[in-house]
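Hi,

Here is the structure I promised to pass on. Have a look at it first, and then read on for my notes.

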Amino acid sequence: MQLLLKNDFWAPIQQKLSEDYGTYTARYLLSNGWVNKWLNGEVKWKDIQPAYKQTLLKETCTSLGKDFSLVEAYEQTCIT
């Protein structure tokens, strides 16, 4: 499940951000480090700050036809 989310969910979002805003901005908005921490349950979606990052990431997710509810569902499985 982690590999699927990383490669089929987050990677396309990172790629789209990179195309639209440049590599450095894409890394600022959604770094590989954050994705890995999220996949390991170390951080939650709500931890992304400031809030405009969440909005931009959700908009990018929607524009790519990705189902954001996967994020919420995955976080529920990581509750410790």
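Below is what I found, taken roughly helix by helix.

Please keep in mind that this is a predicted model.

**Helix α1**

Let me start with α1, which runs over residues 2–21. Its buried residues are Leu5, Phe9, Trp10, Ile13, Gln14 and Leu17. The cover over them includes α2, α3, α4 and α5. The helix is not straight: at Trp10 there is a bend of about 35°, and Pro12 follows within four residues. Just past the end of α1, Gly22 has a positive phi of about 100°.

Two of the buried residues deserve a closer look. Leu5 has a relative accessible area of 3%. Leaving out residues up to four places away in sequence, Leu5 touches Trp10, Trp38, Leu39, Leu70 and Tyr74. For a sense of distance, the C-alpha atoms of Leu5 and Thr23 are separated by 21 Å, with the two positions 18 residues apart along the chain.

Gln14 is the other one. With a relative accessible area of 17%, Gln14 counts as buried, because the cut-off for that class is under 20%. Its side chain makes a polar contact of 3.0 Å with the side chain of Asn32. Beyond four places in sequence, Gln14 also touches Ala26, Leu30, Ser31 and Val35, besides Asn32 itself.

The neighbouring Gln15, also in α1, is partly exposed, at 46% relative accessible area. Gln15 and Glu72 are 57 residues apart in sequence, and their C-alpha atoms are 21 Å apart in space.

**The salt bridge**

How many salt bridges are there? The count comes to one. Lys16 pairs with Asp20, and their closest N and O atoms are 3.3 Å apart. The two residues are four apart in α1, so about one helical turn separates them. Both ends are partly exposed: Lys16 has a relative accessible area of 24%, and Asp20 has 41%.

**Helix α3**

Next comes α3, residues 32–39, where Trp34, Val35, Trp38 and Leu39 are buried. These residues lie on the same side of α3, because they cover an arc of only 135° around its axis. What do the buried residues of α3 pack against? Their partners are α1 and α5, the latter spanning residues 69–77.

Trp38 is worth displaying with its surroundings. Setting aside neighbours within four places in sequence, Trp38 is in contact with Leu5, Trp10, Val43, Lys44, Trp45, Val71, Tyr74 and Glu75. Leu39, at the end of this helix, has its C-alpha atom 9.3 Å from that of Met1, although the two are 38 residues apart along the chain. Met1 sits in the segment before α1 and is exposed, at 59% relative accessibility.

**The nonpolar core**

Which residues touch the most other members of the largest nonpolar core? They are Trp10, Trp34 and Trp38, out of 22 residues in that core. The elements giving two or more residues to this core are α1, α2 (23–29), α3, α4 (51–63) and α5. The largest share, five residues, comes from α1. Trp10, then, is a residue to keep on screen: it is among the three with the most core contacts, and it also marks the bend in α1.

**Backbone details**

Finally, two backbone points to check when you go through the model. Most residues other than glycine have a negative phi, and most peptide bonds are trans. Just after α3, Gly41 has a positive phi of about 80°; like Gly22 after α1, this residue is a glycine. The peptide bond joining Gln49 and Pro50 is cis, with omega at about -5°. Pro50 lies in the loop between α3 and α4.

I hope this gives you a handy starting point, and I look forward to hearing your thoughts.

Best wishes

Technical notes. Residues are numbered from 1 along each chain as its sequence is written. This is a predicted model: local features need pLDDT of at least 70, side-chain atom pairs count only at pLDDT 80 or more; totals for chains, interfaces and linings use all residues. Side-chain values use heavy atoms; hydrogens and water are left out. Buried means under 20% relative accessible area, exposed over 50%, partly exposed in between (1.4 Å probe, protein chains only). The arc is that of the directions from the helix axis to the C-beta atoms. Contact means heavy atoms within 4.5 Å. A nonpolar core is a set of buried Ala, Val, Leu, Ile, Met, Phe, Trp, Tyr and Cys residues joined through side-chain atoms within 4.5 Å. A salt bridge is a side-chain nitrogen of Lys or Arg within 4 Å of a carboxyl oxygen of Asp or Glu. The bend at a residue is the angle between axes fitted to the seven residues ending there and the seven starting there. A polar contact is a pair of N or O atoms within 3.5 Å; within protein, one must be able to donate a hydrogen and the other to accept it, and residues adjacent in sequence count only if both atoms are side-chain atoms.
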